[in-house]
Amino acid sequence: MATALVEDYITRPSNPLSRFYRKIVEGERISREEAVEIYQSYDLLSIGILADTARIVRTPEAVRNHVYWVHNFHINPTNICEANCRFCSFKKGPKSPFAYVMSVDDVVEMVNKYPMKDELSEFHVVSGLYDQQGLAYYRDLFVALKKNFPHVHIKGLTAVELDYIAKLEGIPVEEVLTILKEAGLGSLPGGGAEVFAERVRQLVCVDKIPAAEWLRIHGLAHQMGMQSNATLLAGLGETPEERIDHILAIREQQDKTGGFMTFIPLNCYYDNNAVDASNALTGVENLKNFAISRILLDNVPHIKSFWIHIGEKLSQVSLSFGVDDIDGTVVQEKIAHAAGTDTSQALTKAELINMIHKAGKIPVERDTVYNIIRVYDSVNA
Ligand code: V47
């Protein structure tokens, strides 16, 4: 799978990670104990080889050098939120001078001002838990977005928001999903998962739905024919084992309902929130999170790096650690920027394409559900 030189390095008897290479090449599943052993190693090159090999053996040969990106636009209709997550710098109380609320018309007007709106393929819609924006608001919003921008897929509302809307309306989440799907919802984003370990949730997001409910709601969406993504927010004080258990919970759910397209390891920022910045991830840990996600998730097709969180340079490096997707043009990002990420707000298509090319890969523009829009190989670039 790897070049002869790389294969020699990873398979030499003195390399303690060599047995995992053979398992991955043979398509065998990696266990929790094995994942912990890989994660504990400081041989970053071997970890990268294992992850890249896992990506290669699970990807058809014709597209092995492809890296996906999406022309998307983030929409956050309000920053008012009832939850009190200690890591959140985006949330405001209803009386805060910095609180904002967008009507349906405000959202449509905002998108209309975007000069590239005709080329967009995805709206990424996530918001706060706000009782003035219930089911009717989101139904109207999705209908209006579809009416004005019929070519754009709506990836919207985390499992946490769906659960909130269901409780607000006194109806089951299934019904919320049915109504919103009819209004134009196409898929669910991966946010709101944070770290599944209850120990950590009790410390940083005690009023958020528990892991089992987050997973159940994604399973419901999958059963209704909607695909979804999943995230891990690392840097909240969780242990490596808790990160691995989180990824394994996604693998288990995927075995049952099969609708996850992408797993996105995120890292926390600490400005304007109550989480201790001494939990911050190192670059090495970020790469290990990408790699171990790819190695363990033999049933999820894509691993995404969100350049907004880790920057353009580490995103390029992540492409050798199992990542095959870099999200996206974004246009305006509020959540991580409120918490101090120093990346820019948006990348142009040309910047994204260039970033991927310069990492030695072929940029592929996709839509939300991975239909290919354009391959930017040397012929089409
Ligand atoms: O769910 C909150 C996280 C997520 C902070 O599905 C923070 O395609 C860093 O979910 N520092 C939103 N992160 C981002 C997200 C996402 C991004 C890109 C693609 C997709 C997808 C989903 O940001 C939240 C939360 O986990 N977050 N606070 C913070 N202080």
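A salt bridge is a side-chain nitrogen of Lys or Arg within 4 Å of a carboxyl oxygen of Asp or Glu. By this rule, the count here comes to 22 salt bridges. The structure is a predicted model.

**One salt bridge**

Take Lys23 and Glu34. Their side chains meet in a salt bridge, with 2.9 Å from N to O. The pair links distant parts of the chain. Lys23 belongs to helix H2 (residues 18-25), and Glu34 belongs to helix H3 (residues 32-40). The two residues are eleven residues apart. The N to O value of 2.9 Å falls within 4 Å, so the pair meets the rule.

**The ligand and its contacts**

Where does the ligand sit? The ligand sits in the largest cavity. Three strands each give two or more residues to the shell around the ligand: strand E6 (227-234), strand E7 (260-267) and strand E8 (302-306).

There are 23 residues around the ligand. Phe87, Lys155, Gly190, Glu194 and Lys304 come nearest. By class, the shell holds ten nonpolar residues, nine polar ones and four charged ones.

Three contacts between ligand and protein are set out here.

| Ligand atom | Protein partner | Distance |
|---|---|---|
| Oxygen | Gly190, polar backbone atom | 2.7 Å |
| Nitrogen | Tyr269, polar backbone atom | 2.9 Å |
| Oxygen | Lys304, N or O atom in the side chain | 2.7 Å |

How much of the ligand does the protein bury? Taken alone, the ligand exposes 610 Å². The protein buries 95% of that.

Gly190 and Lys304 thus appear twice in this account. Both are among the residues that come nearest to the ligand. Gly190 offers a polar backbone atom to a ligand oxygen, while Lys304 offers a side-chain N or O atom to a ligand oxygen.

**Backbone features**

Most residues other than glycine have a negative phi, and most peptide bonds are trans. Two places in this model depart from that pattern.

Glu194 is not a glycine, yet its phi is positive, at about 50°. Glu194 lies in the loop between strand E5 (185-188) and helix H9 (198-204). Glu194 is also one of the residues that come nearest to the ligand.

Which peptide bond is cis? The bond from Asp327 to Gly328 is cis, with omega near 5°. Gly328 has its place in the loop between strand E9 (325-327) and helix H14 (335-338).

Definitions and conventions:
Residues are numbered from 1 along each chain as its sequence is written. This is a predicted model: local features need pLDDT of at least 70, side-chain atom pairs count only at pLDDT 80 or more; totals for chains, interfaces and linings use all residues. Side-chain values use heavy atoms; hydrogens and water are left out. A residue is near a molecule or strand if one of its heavy atoms lies within 4 Å of it. A polar contact is a pair of N or O atoms within 3.5 Å; within protein, one must be able to donate a hydrogen and the other to accept it, and residues adjacent in sequence count only if both atoms are side-chain atoms. Accessible areas come from the Shrake-Rupley method with a 1.4 Å probe; for residues, only the protein chains shown count as cover. On a 1 Å grid over the protein atoms alone, a cavity is a set of points where a 1.4 Å probe fits but cannot get out, and a pocket is an open set with protein on both sides within 12 Å along at least five of seven lines; lining residues have an atom within 4 Å of a point. A molecule sits in a cavity or pocket if more than half of its atoms lie within 2 Å of its grid points. Helices (H or I, at least four residues) and strands (E, at least two) are DSSP runs, numbered from the N terminus. Ala, Val, Leu, Ile, Met, Phe, Trp, Tyr, Cys and Pro count as nonpolar, Asp, Glu, Lys and Arg as charged, and the others, Gly among them, as polar.
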